[in-house]
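Hi,

Here is the structure I promised to pass on. Have a look at it first, and my notes on what turned up follow below.

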Amino acid sequence: MDPRTGPAEARRGLVRLLQLAHGGEAGAAIAYDSHARTARTPEEHEEILAIRGQELDHRARVGAILSHLGELP
């Protein structure tokens, strides 16, 4: 932490980064969903959907952290 940054500013920065990550995970999940539709094999399709699931899981975790901090995504 920058010694010139107080706890309130650091918290605001953390919350903003988490909010951006939350939105980014949603975008990534949409992209993987679209990508899965172009898969050449059923195996590739399932692998891409598994990655999409990981993105959605991460989004839920980030959302839970925001909620714990009393913030909205």
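Buried residues account for 18% of the 73 residues in the protein. Keep in mind as you read on that this is a predicted model. The protein exposes about 5300 Å², and carbon and sulfur atoms supply 58% of that area.

On the fold itself, there are two helices and zero strands. The radius of gyration is 16 Å, well over the 11 Å that the globule rule gives for 73 residues, so the protein is more spread out than a compact globule. You can see this in the C-alpha trace too, which spans about 55 × 20 × 15 Å along its principal axes. Helix α1 covers residues 7-36, and helix α2 covers residues 42-68. If you take the contacts between residues at least 6 apart in sequence, 60% of them join residues at least 24 apart.

Now some individual residues, starting with those under cover.

H22 sits in helix α1. Its relative accessibility is 9%, so it counts as buried, the cut-off being under 20%. Leaving out residues up to four places away in sequence, H22 touches R59, V62, G63, L66 and P73.

A29 is another residue of helix α1. This one is buried as well, with a relative accessible area of 4%. With the same sequence neighbours left out (up to four places away), A29 has R52, E55 and L56 as its contacts. There is also a C-alpha distance to note: A29 and L49 are 20 residues apart in sequence and 8.8 Å apart in space.

E55 is the one I'd look at with your charge-model hat on. It belongs to helix α2. What does E55 have for a salt bridge, given that it is buried? None: the nearest side chain of opposite charge is R59, and that is 9.1 Å away. A salt bridge here needs a side-chain nitrogen of Lys or Arg within 4 Å of a carboxyl oxygen of Asp or Glu, so R59 does not qualify as a partner for E55 at that distance. What E55 does touch, not counting residues up to four places away in sequence, is E25, A28, A29 and Y32.

For contrast, here is a residue of helix α2 with some exposure. A60 lies in that helix and is partly exposed, with a relative accessible area of 48%. The C-alpha atoms of A60 and A26 are separated by 9.9 Å, while the two residues are 34 apart along the chain.

Next, the charges. Side chains of opposite charge can pair when their charged atoms come close. The protein has 9 positive and 11 negative charges, and their mean positions are 8 Å apart. How many salt bridges does a search of the whole structure find? It comes back with five, including the three described here.

One of them joins the side chains of R11 and E71, at 2.8 Å from N to O. R11 lies in helix α1 and E71 in the segment after α2, so this pair ties together parts that are 60 residues apart in sequence. Both ends are partly exposed: R11 has 34% relative accessibility, and E71 has a relative accessible area of 28%.

The other two meet at D33. R37 forms a salt bridge with D33, and their closest N and O atoms are 3.0 Å apart. R37 is exposed, with a relative accessible area of 64%, whereas D33 counts as partly exposed at 26% relative accessibility. D33 also has a salt bridge to R52, at 4.0 Å from N to O. With R52 in helix α2 and D33 in helix α1, the pair ties together parts that are 19 residues apart in sequence, so this is a link between the helices. R52 is partly exposed, with a relative accessible area of 28%. Since the bridges share partners, D33, R37 and R52 end up in one network.

That's what I have for now. Shout if anything is unclear.

Cheers

How values were computed: Residues are numbered from 1 along each chain as its sequence is written. This is a predicted model: local features need pLDDT of at least 70, side-chain atom pairs count only at pLDDT 80 or more; totals for chains, interfaces and linings use all residues. Side-chain values use heavy atoms; hydrogens and water are left out. Helices (H or I, at least four residues) and strands (E, at least two) are DSSP runs, numbered from the N terminus. The radius of gyration is taken over C-alpha atoms; the globule rule is 2.2 Å times the number of residues to the power 0.38. Buried means under 20% relative accessible area, exposed over 50%, partly exposed in between (1.4 Å probe, protein chains only). Contact means heavy atoms within 4.5 Å. Accessible areas come from the Shrake-Rupley method with a 1.4 Å probe; for residues, only the protein chains shown count as cover. Lys and Arg count as positive and Asp and Glu as negative; His and the chain ends are not counted. The place of a charge is taken as NZ of Lys, CZ of Arg, CG of Asp or CD of Glu.
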